[in-house]
Amino acid sequence: MKVFNFNAGPATLPAVVMERAQKEFCDYKGSGCGIMEHSHRHKLFDEVLAHANENVRTILNVPDTHSIVYIQGGASMQFAMIPMNLYVPGKKMQFADTGTWSSKALKEAQLFGECEVIASSKADKYTYIPDVKAMKPDADASFFHITSNNTIYGTQYQEFPEVECPLICDMSSDIMSRQFDMSKFAMVYAGAQKNLGPSGLALVVIRKDLAERTPANVPTMLRYSTYIDSDSLYNTPPTFGIYMLGLVTDWVLEQGGLSAIEAINNKKAAALYAGIDASDGYYSSPVKKDSRSRMNVVFRLPTEELEAKFVKESIAAGMIGLKGHRSAGGIRASIYNALPMEGIERLLDFMAEFKKNN
Ligand SMILES: *Cc1c(COP(=O)(O)O)cnc(C)c1O
């Protein structure tokens, strides 16, 4: 039986991408060895990198004002690099606190300078996204940081705030899942392991002029300018991860780009939430309806015992990764780009059957 992978991250990747990587694994383009075994200065890798850049620029409609770079250390490294590079003394770093990941970004920034949380749903257990129209960071703030999709609590911005200061967004768990206007953001970043490829790699799209802020004492490897000026080739980049990101973004383009992907994702999420809402309260979403995530669908059952049974039996039914995050409990179905509609249908059938039997 085909297994559907609902893992939150690392997560499912398109089957055709995995197959293509397997085919090219030992012999990339007739070179006699795999891309992983080639020098990052070799022409073949130059092409891989240029291709990934081109795909990202096309898919996300990245303007010329912004650079695309790849940095090791995942999204969590960005939590530190952002304040290290972009804090302007005397100008606050402002945050919207909408869950575990935004709290972690804030915690790192507090090591470097004055921070302020200007919007938060913490008091309500992060069950919603605060009103974006009421998010009013200082015009001269160092930056305003938001998290577009909260992977653990299952909430997602439906629209983004309009601000005067640089807007920075952690899009780790919903990048390339829907359309948005990149020109409104000073910086967007994402750990690759949800919608883009293997873990350990962060995609960073950053407005070039921001990199000029970096104080002189920031180490070379932690400066955005190092990556921008060298096209991510200052040292050996995660070459295999960039190659995989190239294949995944090829797939995104083959699907028809973000407008097509967004339509499919909306359909998938709508079907799953409809199943939850039609269960007479047997399944319940703790998330406010206007904040529901189309990537991580979080729900509860009547008791924790039933939740444990649900997880156990779902594995036998060919679905993995449905256990909620240890801090939130319950069930979490991560339905990233690569999780097909058939996976949603399998889950809905299973949910109906489980409810009937329990
Ligand atoms: C997964 C995730 C992270 C952490 O990514 P790492 O690559 O493990 O550092 C950060 N932010 C969000 C929103 C995430 O979903």
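What is the volume of the largest pocket? I looked this up first and found about 280 Å³, where a pocket is an open set of points on a 1 Å grid over the protein atoms alone, at which a 1.4 Å probe fits, with protein on both sides within 12 Å along at least five of seven lines. I noted that grid points are joined across faces, edges and corners, and that a volume is the space filled by probe spheres set on the points.

Before going on, I wrote down that this is a predicted model, in which local features need pLDDT of at least 70 and side-chain atom pairs count only at pLDDT 80 or more, while totals for chains, interfaces and linings use all residues. I also wrote down that residues are numbered from 1 along each chain as its sequence is written, and that side-chain values use heavy atoms, with hydrogens and water left out.

Entry on the largest pocket. I found 23 lining residues, which are those with an atom within 4 Å of a point, and the closest to the centre of the largest pocket are G9, W101, T151, Q193 and K194. Helix α3 (residues 74-86) contributes the most to this lining, with four residues; helices (H or I, at least four residues) and strands (E, at least two) are DSSP runs, numbered from the N terminus. I sorted the lining by class and got seven nonpolar, 13 polar and three charged residues, where Ala, Val, Leu, Ile, Met, Phe, Trp, Tyr, Cys and Pro count as nonpolar, Asp, Glu, Lys and Arg as charged, and the others, Gly among them, as polar.

Entry on the second largest pocket. I found a volume of about 210 Å³ and a lining of 13 residues, of which K2, T12, L13, P14 and A15 lie nearest the centre. The elements that give two or more residues to this lining are β1 (4-5) and α1 (15-24), and α1 gives the most, with three. By class, I read nine nonpolar, two polar and two charged residues in the lining of the second largest pocket. The second largest pocket lies between domain 1 (15-255) and domain 2 (256-357), because both give residues to its lining; the domain bounds come from an automatic or database domain assignment.

Entry on the whole chain. I read nine helices and 13 strands in the protein chain, and its C-alpha atoms fill a box of roughly 65 × 55 × 30 Å, taken along the principal axes. Buried residues, those under 20% relative accessible area (1.4 Å probe, protein chains only), make up 55% of the 358 residues.

Conventions:
Buried means under 20% relative accessible area, exposed over 50%, partly exposed in between (1.4 Å probe, protein chains only).
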